[in-house]
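Trainee: I should like to go through this structure element by element. May we begin with a loop and then turn to the helices and a pocket?

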Amino acid sequence: MLAKSYLNTLSSSLALFWKKAPALEISFYLLIGASFALTHFWITLIVGSIFIYLKTYQLMSGKNHFLIQTTLLCTLGYGYMLHFKPPLITTAVKGSGVIKILEKRPTVFFGRSSIYYKALLTCFETEDHIVYKNIPCTLRLKPKNAYEANKDLVLHHITLAPTASGLYQLKLDKDSQISPIKNSFSLAEHRYKWKLKVTKHLNHYIKESKTLKLLTALSVGYLDNKTLNYEFSKLGLQHLLTISGFHFALLALFFSWILQPLLPKKAKCLILILLLGTYMLYLGPAPSVSRAWIGVLIYLIGDFFDIASSGLNALGIACLCSFLIDPLCITQIGFQLSYSATLGIVAFYAPCEKLLCYLTPKRSLIELVQMPMYQSLLTGVLNFLRKGLALDLAVNLLTGPLLFFHFGSYPLMSFFYNLFIPVLISFSLLLLLVAYFFAWISPLCGWIHHINEVYTSHILTLIATSPKALDISIHLPFISYELCIATLCTVTLSMVFLSFRTKELS
């Protein structure tokens, strides 16, 4: 009877969870179908069956309709992924092909400067006349040999070689030929030039090397410094080096604060959509960028029409759009970590904070006013710590299994540093925005950049000099894909159940 009671509660809570986020449910079953095409057959079948069983457990009518709908979604996801699934090439092959350039940026590889291209090889024909399609690949060229990335390119006499990361690398030799395709178009070259201008601007004002690298990463969306990347990653802070919803929200808040006294609400929403859309085009099609942009867009459209938007549903729409635009994105670490972290924040932050309230209870404003000064300040600090720990816990519940699967370890200090470093970095980003806003007044812009340089260098020193005695990581290097998915499924259902029991789902 007890087991049946828990099963009823879990089924009810999952049904209520999906009711709040129908777009998330649709995208979930599409991804289940897509996973079938990626050879993860048995674990995908088990997870899909569990969720379908729980959804239909209490249905007295409409069960057949739901099963048909779910089967159709899984089939669509399977067929769509099968169409775009890249071939498995185990050895280097020579041939000719057509590439669509997605990203172009300068990079330093083993001390040598080069131009890095991230591209999609839409069609590749080997010398044996075997044709492959939709192959994600990279290409590195010397700066003097770089090609403009404003059009698709036809490449002859090239070598396609597999790499350990799952991508393929294009290699050119002296017989290789590259020519642009007429009437094709790509924004990659424009992004490359815009980001070069931003980098040149920062080089003019920021002199300290590591600070320059960090502020450049916050401005252009990627980091090309292994030392800085290592220092952030060992504390679990590498998410701050990529553009995400955190950066979009801060940018939206900054421009909203400027436009608020000048324009009515609807005009402000339209201008914010235009500005943030331009920012998204500037950054490029990374999974975290598209998710953040779609989430902010849905919020602004809802605000324009005075309709309350659901964070869970916005996440589902973003996931759906990302999958339809590029189904291969679900295999990227950035996609998996970005969406799992956001799901944890949106869905599980509230129940995590409610659990932590047993350790540090919430106090009303009247109670705080009546307390002695020292006690009121201490309560404020404890409130901040509770909220920070709840956020950490909500994020790590879903990203933790993925981190173990991809990297085999997890730094325990990330719990502590993620309480305050993101807040400190947000001030660096805010000062950057203010400096760019006043770029037309050179002395004022330089003064703001100087303040930011001094401030940010202290943050980097704090990160670089973390106590070595506390540099402890949990190592689980042999986590299988099946165990990772099973853990994620268990954690998700447990947190949905807990949300229902703590009345956070309503």
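Trainee: Between which two elements does the loop that holds Thr-465 lie?

Mentor: The model is a predicted one. In it, Thr-465 has its place in a loop, and the elements on either side of that loop are helix 17 (442-464) and strand 7 (473-475).

Trainee: Is Thr-465 buried or exposed?

Mentor: A residue counts as exposed when its relative accessible area is over 50%. For Thr-465 the value is 55%, and therefore the residue is exposed.

Trainee: What distance separates the C-alpha atoms of Thr-465 and Glu-231?

Mentor: Along the chain, Thr-465 and Glu-231 are 234 residues apart. In space, their C-alpha atoms are separated by 9.2 Å.

Trainee: The side chain of Thr-465 has a polar atom 2.5 Å from a backbone oxygen; which residue does that oxygen belong to?

Mentor: A polar contact requires N or O atoms within 3.5 Å. The 2.5 Å distance from the side chain of Thr-465 leads to the backbone oxygen of Thr-461.

Trainee: Is Thr-492 buried or exposed?

Mentor: Thr-492 belongs to helix 18 (residues 481-501). A residue is classed as buried under 20% relative accessible area. Thr-492 has 16%, so this residue is buried.

Trainee: How far is the backbone oxygen of Leu-488 from a polar atom of the Thr-492 side chain?

Mentor: Beyond its neighbours within four places in sequence, Thr-492 is in contact with Phe-348 and Leu-398. As for the backbone oxygen of Leu-488, the polar atom of the Thr-492 side chain lies at 2.7 Å.

Trainee: Which residues does Ser-338 contact, leaving aside its neighbours within four places in sequence?

Mentor: Ser-338 sits in helix 12 (residues 333-356). With a relative accessible area of 10%, Ser-338 is buried. Once neighbours within four places in sequence are left aside, its contacts are Ser-288 and Arg-291.

Trainee: How many residues of helix 10 are buried?

Mentor: Helix 10 (residues 287-304) reaches 26 Å from its first C-alpha to its last, close to the 26 Å expected at 1.5 Å a residue. Asp-306, with a positive phi near 60 degrees, follows helix 10. The helix is mostly covered, and of its 18 residues the number buried is 13.

Trainee: Which helix gives the most residues to the lining of the second largest pocket?

Mentor: The second largest pocket holds about 630 Å³ of space, and 20 residues line it. The lining comprises 15 nonpolar, 4 polar and 1 charged residues. Among the helices that each supply at least two of them are helix 5 (188-205) and helix 9 (265-283). The most, 5 residues, come from helix 16.

Definitions and conventions. Residues numbered from 1 in each chain as written. Predicted model: local features only at pLDDT ≥ 70, side-chain atom pairs only at ≥ 80, totals over all residues. Heavy atoms only, no water. Helix = DSSP H or I, 4+ residues; strand = E, 2+ residues; numbered from the N terminus. Buried < 20%, exposed > 50% of the residue type's maximum accessible area, 1.4 Å probe, protein only. Polar contact = N/O pair within 3.5 Å; in protein donor to acceptor, adjacent residues only side chain to side chain. Contact = heavy atoms within 4.5 Å. Expected span 1.5 Å × (residues − 1). 1 Å grid on protein atoms, 1.4 Å probe; cavity = no way out; pocket = protein on both sides within 12 Å on 5 of 7 lines; lining within 4 Å. Points joined across faces, edges and corners; volume = space filled by probe spheres on them. Nonpolar A, V, L, I, M, F, W, Y, C, P; charged D, E, K, R; others polar.
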